[in-house]
Amino acid sequence: MTPIYPVYVISKGRYKNCMTANFFVKDKLNFKIVVEPQEEEEYRKRYGDRVLVLPFSNLGQGSTPARNFCWKHSIDNGFKRHWIFDDNIEDIRRLVKGKRIPVNSNIALSIVEEFTDRYTNIAISGFNYSMFVLPTTKKPYYQNCHVYSALLIKNNMPHRWRLRYNEDTDLCLQVLTNNMCTISFNVFSVKKMQTMTMKGGNSDQLYKQNGRLVMARTLEEIWSEYVEVKWKFGRPQHHIKNNWADFKTPLKRRTDIDWEEIERKEYKMNLKAVKEIKSQELKKFYKKNKDA
């Protein structure tokens, strides 16, 4: 199983530790790491021909120009969707009987692609954060809400990345207010480093001084019907009113595929011990489920 759509990792200042690219290399996933020209040499030392160089640098607009570059690059190469990942993701995990187990990224991306392509009106799909997927989480995915950091985007929609701050929330709101759907998967999730816990990226530009308040207020001004600023986690933070419940567009099934065959389909995934299991609890879990 390998993804059919191009995979882009946007990165800046993290050539020594681009976590997302590192685990993609380990998983033997085909991807491009998108960098600014002044850092090309350093990234090529580590990632070779996987490096895709931007035609600009230091625009002061966060990651938005790079994201739109990837979008156009995908279209120019004839694809109808593309993946875009932040560069501070440790791995992808599968929710298995209450455990979040690392899974090969080829498998996770392929399954999300197949699910997404069954419907005509999914504009954005992707992975929830592992920290928000609890052992008790029952829903395989959430519909019509945020999708951050690891997104599969439909290329032919009229919307684009446009904000310096909270550009992912803004793009999701553009989609949802125009009666398209988003899907955030729980059955697969990404283990992402918290913002500002890694050197590099755009953190120094975006979050210094009162950057947190500015970015929250900017989103509130544009989307006042849906966004308000609250004090959360010890800092000003944007909040989506009604927790995204205002968006109710249903999924539209394609009519040219066999849905009964889809219901019968099984994905052959088995647990595999790739290193010594030290936790007694995990040892019991693995012994019980490794042949399932």
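**Core, second largest pocket and two loop residues**

The largest nonpolar core comprises 72 residues, and those with the most contacts inside it are Ile 33, Trp 83, Phe 85, Ile 92, Ile 124, Phe 127 and Trp 244; such a core is a set of buried Ala, Val, Leu, Ile, Met, Phe, Trp, Tyr and Cys residues joined through side-chain atoms within 4.5 Å, where buried means under 20% relative accessible area with a 1.4 Å probe, protein chains only. The model is predicted, local features requiring pLDDT of at least 70 and side-chain atom pairs counting only at pLDDT 80 or more, while totals for chains, interfaces and linings use all residues. Residues are numbered from 1 along each chain as its sequence is written, and side-chain values use heavy atoms, without hydrogens and water. Not counting residues up to four places away in sequence, Ile 124 touches ten residues' worth of neighbours listed as Val 147, Leu 151, Leu 152, Met 157, Leu 171, Cys 172, Val 175, Cys 181, Thr 182 and Ile 183, contact meaning heavy atoms within 4.5 Å.The second largest pocket (an open set of points on a 1 Å grid over the protein atoms alone, where a 1.4 Å probe fits, with protein on both sides within 12 Å along at least five of seven lines) is lined by 33 residues, of which Ile 101, Pro 102, Val 103, Lys 272 and Val 274 lie nearest its centre; lining residues have an atom within 4 Å of a point.

A positive phi occurs in two non-glycine residues, at about 75° in Ser 149 and near 50° in Asn 166. Ser 149 is buried at 3% relative accessibility, and Asn 166 at 11%.

Technical notes: Buried means under 20% relative accessible area, exposed over 50%, partly exposed in between (1.4 Å probe, protein chains only).
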